[in-house]
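Please open the model in the viewer and keep the sequence panel visible. The tour below proceeds by selection, with a short account of what is found at each stop.

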Amino acid sequence: AEDVVSIDAVIAPTSDPFELNGEGAVRYAAEQWVWSDGVPVSGSTPKRVARRFAELEVDDFIDGAKAGEPQYGLSSPHVRVTLKDATDGIRVVSLGAKGPTHTDSEGNAVARYYASIGGEDSVYLVHHGLYEVVRDLVRESGRKAARDAEKAARQERIGSETPE
């Protein structure tokens, strides 16, 4: 995770209009995570995404499954995260359809997603926390874009209200 220098995350739209979708992109520069415009990212979300996806923990391996089989939703994944390291090494992790839940040691049902790693045809089941942390990054990116748009609109109004 410490070698990751950029993260590009995409959550594809679904038929559910209330489901979050969008993109989030950050890079590591000058000892901090920054947005694409160079503004520092507050909080730990990029670090959490880098750690969770670089050190991918798999709950289960789906024996004999192929990532292209439609029931796994990996041909058109719901989530795609691309990590890049300083040597231009790239890792792409895709999350597809929801998989069977897992019951933890306390008897709680834990949601899981089918996953694949770019360049491999294997299918895995991963904890829903991977989706949650990507959703945080995309949500924060959307909030930043909205703030930037509001700021630009205010500056435009100020410019148009200036007497000549």
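Begin by selecting arginine 48, which counts as partly exposed because its relative accessibility is 27%. The model is a predicted one.

**First stop: from arginine 48 to helix H2**

Add aspartate 136 to the selection. Its side chain and that of arginine 48 meet in a salt bridge, with an N to O distance of 3.1 Å. Arginine 48 belongs to helix H1 and aspartate 136 to helix H2, so this pair ties together parts that lie 88 residues apart in sequence.

Next, select arginine 139. Aspartate 136 forms a salt bridge with arginine 139 as well, and the closest N and O atoms are 3.1 Å apart. Both residues of this pair, aspartate 136 and arginine 139, lie in helix H2, 3 residues apart, or about one turn of the helix. In an α-helix there are 3.6 residues a turn, so residues three or four places apart point the same way. Arginine 139 has a relative accessible area of 30% and is therefore partly exposed.

**Second stop: the buried residues of helix H1**

Return to helix H1, which spans residues 45-54. Which of the residues of this helix are buried? Select Thr45, Pro46, Val49, Ala50 and Phe53 to display them. These residues cover an arc of only 135 degrees around the axis, which means that they are on the same side of H1.

**Third stop: aspartate 37 and lysine 144**

Select aspartate 37 and lysine 144. They form a salt bridge whose closest N and O atoms are 2.6 Å apart. The two partners come from distant parts of the chain, 107 residues apart: aspartate 37 is in the loop between strand E3 (32-35) and H1, whereas lysine 144 is in helix H2 (residues 129-161).

Is each partner buried or exposed? Aspartate 37 counts as partly exposed, at 46% relative accessibility. Lysine 144 is buried, because its relative accessible area is 7%, under the 20% cut-off. Now add Asp148 to the selection: Asp37, Lys144 and Asp148 are linked in a network of salt bridges. The structure holds 7 salt bridges in total.

**Last stop: a negative surface patch**

Finally, switch to a surface view and select Glu2, Asp3, Glu55, Glu57 and Asp59, which form a negative surface patch. Within this patch, aspartate 3 lies in the segment before strand E1 (4-11). Aspartate 3 is exposed because its relative accessible area is 58%, over the 50% cut-off.

Conventions: Residues are numbered from 1 along each chain as its sequence is written. This is a predicted model: local features need pLDDT of at least 70, side-chain atom pairs count only at pLDDT 80 or more; totals for chains, interfaces and linings use all residues. Side-chain values use heavy atoms; hydrogens and water are left out. Patches are made of residues with over 30% relative accessible area and no salt bridge: like charges are joined within 9 Å, nonpolar side chains (Val, Leu, Ile, Met, Phe, Trp, Tyr) within 5 Å. Accessible areas come from the Shrake-Rupley method with a 1.4 Å probe; for residues, only the protein chains shown count as cover. A salt bridge is a side-chain nitrogen of Lys or Arg within 4 Å of a carboxyl oxygen of Asp or Glu. Lys and Arg count as positive and Asp and Glu as negative; His and the chain ends are not counted. The place of a charge is taken as NZ of Lys, CZ of Arg, CG of Asp or CD of Glu. Helices (H or I, at least four residues) and strands (E, at least two) are DSSP runs, numbered from the N terminus. Buried means under 20% relative accessible area, exposed over 50%, partly exposed in between (1.4 Å probe, protein chains only). The arc is that of the directions from the helix axis to the C-beta atoms.
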